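The following exercises are to be worked through with the sequence and the structure at hand. Each task is followed by a solution in steps.

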Amino acid sequence: MNNSYLPNSIKQLLDNAANEFSALSDSAKLDAELLMCHVLDCQRIYLFTWPEKLLETPQCDQFFSLVEERKTGRPIAHIVGKRAFWDLELAVNDSTLIPRPDTEILVEKVLEIIESKGPEQGEGLDLGTGTGAIALSLASSLPKWQWTGVDIIPEAVLLARHNTKLNQIPNCQFVESSWFTALADQKFDFIVSNPPYIDENDPHLNLGDVRFEPKTALVAKGHGLADIRYIVENARRHLKRNGKLILEHGFEQGVEVRHILRDFNFQYVDTFKDLSGNDRVSIGYF
């Protein structure tokens with residue numbers, strides 16, 4: 001360590017915080033950097049460019065306060081109130097899930113399919129939209145498409161609408177609905193969803209960030225497959241001819257989800273892997 005860095009320099013404060021986070025986080029260094037960026041209202045590159053910069057006392061006090069908050073296990077996204085997803089910055093709160101990098105695989109696959117097979121214009125539906133991450137990412141990438149996101153939690157719908165304005169995306173709307181109930185006879189070219197898919201007895205529910213997220217957005221009955229089965233069973237009534245349904249699911253659920261899709265007569269069923277090489281997203285064609 002460079003001894004020229006004083007105790008209240010960016011470098012020394014980051015090193016100290018990362019050390020304190022090491023026992024509770026797999027991304028201790030990044031956690032410290034994100035908190036520092038929040039305090040200084042800067043990009044991460046600034047931290048590497050000016051490591052010797054000294055923080056003023058109020059900035060140090062704020063950083064120390066955030067470090068203590070993180071040490072309780074509270075997610076970084078909740079502390080700073082935002083999370084990057086795709087090419088967007090999204091406001092987050094504890095009313096819904098924090099968007100995760102693996103979900104970007106779903107966005108990527110939808111875009112690949114539309115760009116290769118069309119249509120150029122269309123309508124898409126995001127079920128259980130939460131922050132609006134999936135719908136907004138697709139809407140921003142497909143300006144000729146109209147996307148609708150639904151969520152049963154009123155606070156989540158308000159949050160998604162806020163993110164629409166925050167990112168200035170005009171071709172996306174959000175509606176309060178329990179899955180399809182508020183959609184009447186509407187039909188879509190693409191239905192996407194990252195539904196609850198964790199078994200209610202899964203021990204991981206007591207670990208990490210999920211402890212601070214709503215269980216209703218995480219847990220499903222039937223070994224985590226009940227909501228997926230409901231969506232697949234009812235999606236056909238809301239898909240146009242040649243429409244497609246794509247679902248995120250647990251890394252051990254690929255086989256079961258493909259069986260469910262085929263049970264309800266979806267064609268060309270396939271599964272795609274996430275960044276870790278695990279089954280994560282499955283698709284079926286109507």
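**Exercise 1: Strand S11 and its partners**

Seven of the seven residues of S11 are buried, so this strand is largely enclosed by the rest of the structure. The model under study is predicted.

Task: determine which strands pair with S11, and in what sense.

Solution.
1. Strand S9 (residues 239-248) pairs with S11 over five bridges, in the antiparallel sense.
2. Within this pairing, Ile-246 has Ile-283 of S11 as its bridge partner.
3. Strand S10 (residues 267-273) also runs antiparallel to S11, and five bridges join the two.
4. Here Asp-270 has Ile-283 of S11 as its bridge partner.
5. S10 and S11 form a hairpin with five residues between the strands, where Gly-277 takes a positive phi near 85°.

**Exercise 2: The buried side of helix H10**

Task: identify the buried residues of helix H10 (residues 254-263) and state how they are placed around the axis.

Solution.
1. The buried residues of H10 are Gly-254, Val-257, Arg-258, Ile-260 and Leu-261.
2. These residues cover an arc of only 160° around the axis, and therefore lie on the same side of H10.
3. They pack against helix H9 (226-235), S9, S10 and S11.
4. After H10 comes Asn-265, with a positive phi near 65°.

**Exercise 3: The nonpolar cores**

Task: describe the largest nonpolar core and the elements that supply it.

Solution.
1. The largest nonpolar core has 31 residues; those touching the most other members are Val-110, Leu-138, Trp-147, Cys-172, Phe-190, Val-192 and Ile-246.
2. Among the elements that each supply at least two residues of this core are helix H6 (104-117), helix H7 (133-141), strand S5 (172-176) and strand S11 (279-285).
3. H6 gives the largest share, seven residues.
4. A second, separate core of 28 residues includes Trp-179, Phe-188, Leu-225 and Ile-228.
5. In soluble globular proteins, nonpolar side chains tend to be buried together.

**Exercise 4: Cysteines**

Task: explain why Cys-42 forms no disulfide with Cys-37, and state whether Cys-42 and Cys-172 are buried or exposed.

Solution.
1. The cysteine sulfur closest to that of Cys-42 belongs to Cys-37, at 4.1 Å.
2. A disulfide requires the sulfur atoms to be within 2.5 Å, so the distance of 4.1 Å is too far for a bond.
3. The count for the model is zero disulfides.
4. Buried means under 20% relative accessible area; Cys-42, at 16%, therefore counts as buried, and so does Cys-172, at 8%.
5. Leaving aside residues up to four places away in sequence, Cys-172 touches Ala-135, Leu-136, Ala-139, Gln-146, Trp-147 and Thr-164.

Technical notes
Residues are numbered from 1 along each chain as its sequence is written. This is a predicted model: local features need pLDDT of at least 70, side-chain atom pairs count only at pLDDT 80 or more; totals for chains, interfaces and linings use all residues. Side-chain values use heavy atoms; hydrogens and water are left out. Buried means under 20% relative accessible area, exposed over 50%, partly exposed in between (1.4 Å probe, protein chains only). A nonpolar core is a set of buried Ala, Val, Leu, Ile, Met, Phe, Trp, Tyr and Cys residues joined through side-chain atoms within 4.5 Å. Helices (H or I, at least four residues) and strands (E, at least two) are DSSP runs, numbered from the N terminus. Contact means heavy atoms within 4.5 Å. Two strands pair if DSSP finds at least two bridges between them. The arc is that of the directions from the helix axis to the C-beta atoms.
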